[in-house]
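Please open the model in a viewer and keep the sequence panel visible. The tour below proceeds from one selection to the next and says what is found at each stop.

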Amino acid sequence: MRGEGLSREIRKWDLVALLVNVTVGAGIFRLPSDVQKTVGTYSLAAFVVCGVIVGLIAFCFAEVGSRFSTTGGPYLYAKEAFGAPLGFMVGWLMWLTRLAGFATLAQVFVAYLGYFWPPAESGLTRVAIITALVVVLTVINLIGVKQSTRVGDIFTVSKLIPLALFVGVGLFFFNPAGFTLTARPSLGSFSSAVLILVYVFSGFEAVLVNSGEIREPHRVIPFALIVALSASVVLFLLIQVVCIGTLPQLASSARPLAEASGSFLGALGPPIISAGALVGIFGTLNVIMLACSRLPFAMAVQGQLPVQLASIHRRFRTPHVSILVSAFAVLLLALPGTFIYALKFTVITRVIVYASTCAALPILRRQARIAASIHSSVETAPQGSFEVPAGMVISIICVILCLSLLANSGWREARDVTIAAAIGLAIYTANRFGQRNEDSDDAEAR
């Protein structure tokens, strides 16, 4: 522990499991068909291109993340590199994205549960299930990060078993005729497919918010990022290969993995994959709650949100106020069933976060070198334990790639992100104004 009072219970392989858990989320159970519909068999190329882009971005995260050991992740990176206002904006957008993501996945969880128990999809039963989900995950996070990470370990393994079965068996049954190339898609369509796939590959950035609870984060973060994302990319490619080769109607499928499994696993295929989806979604929800609830805490520690959010439970050493506030917000969004952000909205905010971290890399490098030359404090210019080869070039390339992805987003989603940013700016300004008034009152009292 250092400074924040949180307990460092996330070990190296716990972090790998958390990263795999959040990366191999619910998206892979649906998006193979959406990408196939957009670009046909060129979906494999889209997976590869997106994997390369996210891989380069992950290298930037590995270096920047190795420079920090306190809670905050991309929010803290942006604050240190670009100042408090932009840092707050990154943290605010990340928090909203996680809230919306949790609420959306809760609806998907209920839908998959409805495969086995139809009443789960409507009425008071649905409300009770979503409420129970939020309450269980809140309690797990309240009683300790160790318990939360152990739950993550269990659900990561449980999630990967049906997916490994899907790939391992499906590779022996795919039809090569399914890989016949159709008309080459336009650059715009291909870029849109890659943008959609960012949702599949993303999520790793949220786990880094918990750096204040990771053991030896300087050393562990680069290792865990590279191992987890490499494994996830390989798994995603193999899943897409099996889907294309075993499901001729892939482009129109609502549950591609479940329907594809029926062609080679028989009647057992759909229930096995549907059960795997439920396990996978629950595990992802756990990781989202773990990261989402730490963002308000980190921003309060930095003086950008009310100080009450920085409170730590005396017994459990968890940010209990921040956890409860985040859980309440999630419940408000999930219960109505109508508040589901468009896919591209969450992708836009994530790409903004990626661009900010990649742009922060050269700035933090420069700050660290200046600090080393004048023996300055590592707190104001953190030193890293991992340095990306040709990091400056990779940083510039990643920022350009992020901007090009943003250029292919829809105007409605861009408008919603702008509105969300404006609300965040109002909250930031109000909090700063309140702090100045308190400082003035304290000065007058003295």
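Begin by selecting glutamate 216, which is found in the loop between helix H9 (204-207) and helix H10 (217-246); helices (H or I, at least four residues) and strands (E, at least two) are DSSP runs, numbered from the N terminus. The phi of glutamate 216 is near 50°, a positive value in a residue other than glycine. Most residues other than glycine have a negative phi.

Before the next selection, note that this is a predicted model, in which local features need pLDDT of at least 70, side-chain atom pairs count only at pLDDT 80 or more, and totals for chains, interfaces and linings use all residues. Residues are numbered from 1 along each chain as its sequence is written, and side-chain values use heavy atoms, with hydrogens and water left out.

**A second positive phi**

Select alanine 390, in the loop between H15 and helix H16 (391-407). Alanine 390 is not a glycine, yet its phi is positive, at about 55°. Is alanine 390 buried or exposed? Its relative accessibility is 53%, so alanine 390 counts as exposed. Buried means under 20% relative accessible area, exposed over 50%, and partly exposed in between (1.4 Å probe, protein chains only).

**The whole chain**

Now zoom out to the full protein. Its secondary structure comes to 17 helices and 0 strands. The C-alpha trace spans about 80 × 50 × 40 Å along its principal axes. For 446 residues, a compact globule would have a radius of gyration near 22 Å, and the protein, at 22 Å, agrees with this; the radius is taken over C-alpha atoms, and the globule rule is 2.2 Å times the number of residues to the power 0.38.

Switch on a surface display. The accessible surface comes to about 17900 Å², with 67% belonging to carbon and sulfur atoms; these areas come from the Shrake-Rupley method with a 1.4 Å probe, and for residues only the protein chains shown count as cover. Of the 446 residues, 55% are buried.

Colouring by charge shows 31 positive and 21 negative side chains, and the centres of the two sets lie 5 Å apart. Lys and Arg count as positive and Asp and Glu as negative, while His and the chain ends are not counted. The place of a charge is taken as NZ of Lys, CZ of Arg, CG of Asp or CD of Glu.

**The nonpolar core**

Hide the surface and turn to the interior. The largest nonpolar core has 137 residues, and those with the most contacts inside it are Leu15, Ile57, Phe61, Phe166, Phe204, Leu225 and Ile239. Helix H5 (residues 84-116) supplies the largest share of this core, 17 residues. Such a core is a set of buried Ala, Val, Leu, Ile, Met, Phe, Trp, Tyr and Cys residues joined through side-chain atoms within 4.5 Å.

Select phenylalanine 61. Neighbours within four places in sequence aside, its contacts include Phe204, Leu225, Pro74, Tyr77 and Thr357; contact means heavy atoms within 4.5 Å.

Follow the last of these to threonine 357, in helix H15 (residues 343-373). Threonine 357 is buried, with a relative accessible area of 1%. Leaving aside neighbours within four places in sequence, threonine 357 is in contact with Phe61, Val64, Pro74 and Tyr77.

**Aspartate 153**

Select aspartate 153 in helix H7. This residue is buried, at 18% relative accessible area. Which residues does aspartate 153 touch, not counting those up to four places away in sequence? They are Trp13, Asp14 and Ala17. Measure from aspartate 153 to valine 16: the two are 137 residues apart along the chain, and their C-alpha atoms are separated by 9.1 Å.

**Two glycines in loops**

Glycine 40 lies in the loop between helix H2 (31-39) and helix H3 (43-65), and is buried at 17% relative accessible area. Residues up to four places away in sequence not counted, glycine 40 touches Val35 and Thr182.

Glycine 178 lies in the loop between helix H7 (145-170) and helix H8 (187-201). With 29% relative accessibility, glycine 178 counts as partly exposed. By the same sequence exclusion, glycine 178 touches Thr41 and Ile244. Valine 242 is 64 residues from glycine 178 in sequence and 10.0 Å away in space, C-alpha to C-alpha.

**Last stop**

Finish at alanine 275 in helix H12 (residues 269-292), a partly exposed residue with a relative accessible area of 32%.
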